[in-house]
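Please open the model in a viewer and keep a selection panel at hand. The stops below are arranged so that each selection leads to the next.

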Amino acid sequence: METPNAENKPSMSLPRFLLALIIRPKAAFTQLDQTGKPHFLWPALVMLAVVWLAPIVTLPITQREAVEGYDSIMEQTSSQFTEEQRAVLEQQREFSTNPVFLVAATGILETISWPILWLSAAGLLYLLSLAFGGQARFGSIFSMTVWASAAAILSKIFLVIGTLARGATGQPGLSYLLKADVLSEITPLTAGLAPILSRITLFEIWYLILIFVGVLVCAKVTRVKSLIITILYWILSLIPPVAMASASVALSQSFMG
């Protein structure tokens, strides 16, 4: 009699797969590695819906905060700007607080950035896996990476709920520790720390656990190697946002003199 193997076992349905992603991620990623099902388009479409619905739902709050932010800048720097610079700021204020801009800017930016993030994350994990002697297929690593973003989807949903409950934009993770009361308190160093602290959340821990298990299954490496790959991936993934945040503040302060 033929012994049943993993390939002969019936595939989990989408609801069962989602449950397994929470309580049995190894089983979920084993199926994903062997069959490619459920397709990665499922979480991609959900993420697309969330990144557009979030700014629409929180629009009254973000618009109010944008207006208050520009008014605060004008008050703090009124003596430093010439009339021409103030006129430019007024134009920026009118444009940047427009409801259509606030929704479209966030939606379009994230619609473009998430596929890039998934591809770059999968590419980095794939290369790291090969460097540590893994036998990964890029397709499996990519699907696993997209499905692991289920943690980010839930994080965004809870952040929206928190924003609506508080009536103010929620600060993810521990980034609230660096909140500056005045513009002069923001430095390139604190701006660079913000992306790191913002990712210290339970959802980020869950995401890294999913990455760890996904690499373990899809790259077929040992637990120690998978842990090292996950840690290296997390550290390297922090470099771009930290560098961009620090550079943005440095350029802004040089403009203001």
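Begin by selecting Lys 220, which lies in the loop between H10 and H11. In this predicted model, its phi is near 55°, a positive value in a residue other than glycine. Its relative accessibility is 47%, so Lys 220 counts as partly exposed.

A second loop deserves a selection: the one between H2 and H3, where Pro 38 is placed. Display the backbone from Lys 37 to Pro 38; the peptide bond there is cis, with omega near -5°.

Next, show the whole chain as a cartoon. The chain holds 11 helices and zero strands. Of its 257 residues, 35% count as buried. Among contacts with a separation of 6 or more, 74% join residues 24 or more positions apart.

Now select H7, residues 138-148. Is this helix enclosed or open to its surroundings? Nine of its 11 residues are buried, so H7 is largely enclosed by the rest of the structure. The buried residues are Ser 140, Ile 141, Phe 142, Ser 143, Met 144, Thr 145, Val 146, Trp 147 and Ala 148. To see what covers them, add H1, H2, H3, H6, H8 and H10, which are included in the cover.

Keep H7 and reduce the cover to H6, residues 99-131. Two packed helices are described by the angle between their axes and the distance between the axes. Here the axes of H6 and H7 come within 9 Å and cross at roughly 130°, which makes H6 oblique to H7. The crossing of H6 past H7 is right-handed. For the side chains in this contact, select Trp 118, Leu 119, Ala 121, Ala 122, Gly 123, Leu 125 and Tyr 126 on H6, together with Phe 138, Ile 141, Phe 142, Met 144, Thr 145 and Val 146 on H7. These residues divide into 11 nonpolar, two polar and no charged.

From that set, centre the view on Leu 125. Apart from residues up to four places away in sequence, Leu 125 touches Ile 141, Met 144, Thr 145, Ile 211, Val 215, Ile 229 and Tyr 233. Leu 125 also leads to the largest nonpolar core, which has 40 residues. Leu 21, Phe 29, Leu 125, Met 144, Ile 211 and Val 215 have the most contacts inside this core. The elements giving two or more residues to it are H1, H2, H3, H6, H7, H8, H10 and H11. Which helix gives the most to this core? H10 does, with nine residues.

Select H10 with H8 as the next pair. The axes of H8 and H10 come within 8 Å and cross at roughly 170°, which makes H8 roughly antiparallel to H10. On the H8 side, pick Ala 150, Ala 151, Leu 154, Ser 155 and Phe 158; they meet Phe 203, Trp 206 and Tyr 207 in H10. The residues of this contact divide into seven nonpolar, one polar and no charged.

Finally, stay on H8 and select Thr 163, which is found in this helix. Is Thr 163 buried or exposed? Its relative accessibility is 4%, so Thr 163 counts as buried. Leaving aside neighbours within four places in sequence, Thr 163 is in contact with Thr 58, Ile 61, Ala 168, Thr 169 and Gly 170.

Conventions: Residues are numbered from 1 along each chain as its sequence is written. This is a predicted model: local features need pLDDT of at least 70, side-chain atom pairs count only at pLDDT 80 or more; totals for chains, interfaces and linings use all residues. Side-chain values use heavy atoms; hydrogens and water are left out. Axes are lines fitted to C-alpha atoms, for helices over the stretch in contact, and angles run from 0 to 180 degrees between N-to-C directions. Helices (H or I, at least four residues) and strands (E, at least two) are DSSP runs, numbered from the N terminus. Angles under 35 degrees count as roughly parallel, over 145 as roughly antiparallel, 65 to 115 as roughly perpendicular and the rest as oblique. A crossing is left-handed if the near helix is turned anticlockwise from the far one by less than a right angle, and right-handed if clockwise. Contact means heavy atoms within 4.5 Å. Ala, Val, Leu, Ile, Met, Phe, Trp, Tyr, Cys and Pro count as nonpolar, Asp, Glu, Lys and Arg as charged, and the others, Gly among them, as polar. A nonpolar core is a set of buried Ala, Val, Leu, Ile, Met, Phe, Trp, Tyr and Cys residues joined through side-chain atoms within 4.5 Å. Buried means under 20% relative accessible area, exposed over 50%, partly exposed in between (1.4 Å probe, protein chains only).
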